[in-house]
Amino acid sequence: MKKVCAMLLALALLTFAVAAMGENAFKAGTYSGEATGMGKLVVSVTLSDTAIESIEVVESNETPSIGGAIMEDLIARVLAAQSTQLDTVSGATVTSNALYEAVNAALVSAGADPAALVPVEAEVSQESEEISCDVIIVGAGGAGMSAALKVNELGYTAIVIDKQAFVGGATAMSSSSALAQGTRVQAENGVIDSPELCMQELLVVGDYENDATPTWLLARYSGEAIDWLNDDMGVLFNESVGSASAEYSVGRARTSVTGSGAGLCEDLKNKLEEKGVRLILNTRAYELTDTDGVVDGVLARDVNTGKEYRFHAKAVLLATGGYCYSDYIDPSLLSLPNSGSKANTGDGIEMALPYGAVLQNMDMVAVAGHGIRIGDTAHHTQGQSKNAYKTTGAILVNMDGRRIENELGRHADLFPKMKEAGRTFMLMDEAGFKAYAESCVKANFFTQEQLDTWLEENGTGVTVMAHADTIEEVANIVGVNAENLLDEVARYTSFVEKGVDEDFGREVSVALGDGPYYLVEQCLRYSTTLGGITINKDLAVVDSMNAPIPGLYAAGELVGGVFGANFPPSSGVGWALTSGMLAGESIVNAIQ
Ligand SMILES: Cc1cc2nc3c(=O)[nH]c(=O)nc-3n(C[C@H](O)[C@H](O)[C@H](O)COP(=O)(O)OP(=O)(O)OC[C@H]3O[C@@H](n4cnc5c(N)ncnc54)[C@H](O)[C@@H]3O)c2cc1C
C-alpha cells in the first residue's frame, strides 16, 4: 500500500513538474533556427526532454545598440517563460520577432509545436536594493548619457537608469544630425556663425513661441558640447558642417561617424562603460524622493523582475525624453502616424509635477513630412528624402501629379502644403531610389526584407513604394494623374536646363534620369514633442514662482519651450547633447 502511495505521489509530482514547465516534451538535442531581423539571424537551441535549456546566437546583424543589446535579455525571457509567445520589446520589435521566429524554427525542426508552449508566469521578485551616488540620472538617451559623461569627467559618481532594455530612446532613432553652433570644424571651414545669429534663426523657426532661456543655451553652447564630445570624450562626429538647410543661413549640423542615432548612442554607451559609469537598464523610475523638500532620490522598479530600487543622490536629473506616446498629445494629432519612441511616455513630467514643476507649450508637437508609413506607425527618412531632392531629379507631387512646394524649402512652408494635399509622393528615377533605399536600410530605418515586401506589393500595401518602367505606368499604379505628372517632369527638366526653378525656387541641378521609376508615398507624422518642463539657465526645474526646486534638474526633450512652435532641423539631438552636458556641469557646481 505504502509502495502504491509513493508511486502515486511520484507520478503526481512528475505531472506537476511537467505542467510547471508548460507541459513540454521535446526530442533532446541541439537544433538550429533562422529568421530575418535587421538581417539574417541564426540561433542554436539546446533542448532537454522537458525544457529549452539554452539559446545561443550564432549569427546576428542587429543594430548593436538596440537589437544587439537586448538579445541577452530576450533569450533570458524565452528561457524563463519556456515559450516564445511573449510581447516584443518596445523599440526593438523587429529584433524581438526575429529571435522568437528563429527559436520557433529550431523548435519545429525538433518536432515541437511552438504555439503549444504556454508561457510559464514569472515570479515577482521580493528583492530590493538601496544604492547611493552623487547624481542619479533617469533616462539613457542623448541627454542622460551626455550628462553622465560630464558628471564623471568632473570627478563625481553618476548612475544612469533606463526603463528600456537598451540605451538611446528617440536619440537612437534619429539620424544623429546635431545642431552645433560655434564648433572647431565651423571655424576650420571658415563658416561665420554666432550665438546671436543661431538664436535669431531658431526663434524665427519657432514662431517666437520659444522659452528664450533654453533656446539661448542651445544657440550659445551647442558647439562647445559637440567639440567636448568629439575632442575630449572621443564620441566622434564627421568633420563637416554639412550644407545649410533652408531654415539656417550657415551649415551647423554634425552627424555621428559611427552612423545615425543608433551609432551615436552606441558610442556614448561605450564611453560610459569605458569610464566605469554604472548603467542600469530595464529599470523604470516612478517616483522622486525628498528630504524636507530637497529632491534626493528616485524610486524605480525592474520592469522584468519587479525588483525595487531606491537611489539616494545629491541631485536628480530627469532626462526621460518627450511625451509622444502619452495622453498629453493633442487628440487631433492622433489621426497621423506616430514615428516616435514608445518609451517617450512623459514619465519625467509625471514625476516632476508633484514637486511644483511648471509645464509650457504642451499643445505643440513637431509634425514632419519626410517619412514613410509603416503599419500603424511611421519612420522618418528626412536625410534620405532630402538627399534624393538634392542630388537627383526627384520631385514631390500630389494626386494631381503636380509639385506643391520647394521640396528642399523650410519645413514650416512644405509640411502645411503636404497636409493640404492629402497624399503626396516622391517621384524618383532608378539611381535616386537605389541610393535612398540603401541608405534607409543602412540606417536601420527599415529592413531589406520590409523593402522587398513593399516593392513586391507595388503600391497595394500600407507602405507605398510603387515602381514601373515608365512614369505613366507608375502614376497609374497609385492613381496619380499621369498626364500632369509627365507634364510636371518636363517642366522641372526645363527648369534644370535654365538653372532656375520658376515655380518654387528650389535649387536645381539634375533632371530626372532613367527608369524604372518609383513613387514613394511621403506621410505626415509626429514624434518630437515641443512642450515640457520649465527650467532656468542652470537646467534646474523651476516652480510657478520661477524658483528652482532644490535638487531637481531636467534636460533633453523633456524640457519645454526650447524649439517654440516648430522643430528646427537638428535641434533635438543638438539640444539633448548640449543640455546634458550643461546639466552635468551645473549639478556638479551645485553639489560640490
Ligand atoms: C524618428 C526620429 C528621428 C529624429 N531625427 C532627429 C534628427 O535627425 N536630428 C535631431 O536633432 N532630432 C531628431 N529627432 C528628435 C531627437 O531625436 C530627440 O529630440 C532627442 O534625441 C531626445 O533626446 P533625449 O535624451 O531627451 O530623449 P530620448 O533619446 O528619448 O531618451 C529618453 C530615455 O529615457 C528613458 N525613460 C523614459 N522614461 C523613463 C523612466 N520612467 N525611467 C527610466 N527611463 C526612462 C527612455 O527609455 C529613453 O531611453 C528625431 C526623433 C525621432 C523620433
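The shell around the ligand is made up of 13 nonpolar, 25 polar and five charged residues. The model that holds this shell is predicted. In total, 43 residues surround the ligand, and the closest are G141, G169, G321, G556 and G572. Glycine counts as polar in this classification, so these five closest residues belong to the polar class. Five elements give two or more residues to the shell: the helices α4 (142-153), α5 (169-173) and α17 (571-591), and the strands β10 (283-291) and β22 (525-529). The top contributor is α17, with five residues.

The helix α17 also matters for the count in the nonpolar interior. The largest nonpolar core has 164 residues, and α17 gives the most to this core, with nine residues. Inside the core, the residues with the most contacts are I137, V316, L317, V541, Y553 and A554. One of them, L317, can be followed in detail. Leaving aside residues up to four places away in sequence, L317 touches V135, I137, A147, Y553, A555, A583 and I587. Of these partners, A147 falls within the bounds of α4 (142-153), and A583 and I587 fall within those of α17 (571-591). In soluble globular proteins, nonpolar side chains tend to be buried together.

At the level of the chain, there are 17 helices and 25 strands. Of its 592 residues, 50% count as buried. Contacts between residues at least 6 apart in sequence join, in 71% of cases, residues at least 24 apart. The C-alpha trace spans about 105 × 65 × 40 Å along its principal axes. The radius of gyration is 26 Å, which agrees with the value near 25 Å that a compact globule of 592 residues would have.

The domain assignment divides the chain into three parts. Domain 1 covers 22-116, domain 2 is assembled from 129-175, 257-366 and 528-591, and domain 3 covers 370-523. The bounds of domain 2 take in the helices α4 (142-153), α5 (169-173) and α17 (571-591), as well as the strand β10 (283-291). L317 lies within the bounds of domain 2 too, as do the partners listed for it above.

How many residues of domain 1 are in contact with domain 2? There are 11, and they meet 14 residues of domain 2. On the side of domain 1 that touches domain 2, six residues are nonpolar, four polar and one charged. The centres of domain 1 and domain 2, taken over C-alpha atoms, are separated by 32 Å.

Terms used: Residues numbered from 1 in each chain as written. Predicted model: local features only at pLDDT ≥ 70, side-chain atom pairs only at ≥ 80, totals over all residues. Helix = DSSP H or I, 4+ residues; strand = E, 2+ residues; numbered from the N terminus. Rg over C-alpha atoms; globule rule 2.2 N^0.38 Å. Buried ≥ 20, exposed ≤ 12 C-beta atoms within 10 Å, placed from the backbone. Contact = placed C-beta atoms within 7 Å. Near = placed C-beta within 6 Å. Core = buried A, V, L, I, M, F, W, Y, C linked by C-beta atoms within 7 Å. Domains from an automatic or database assignment.
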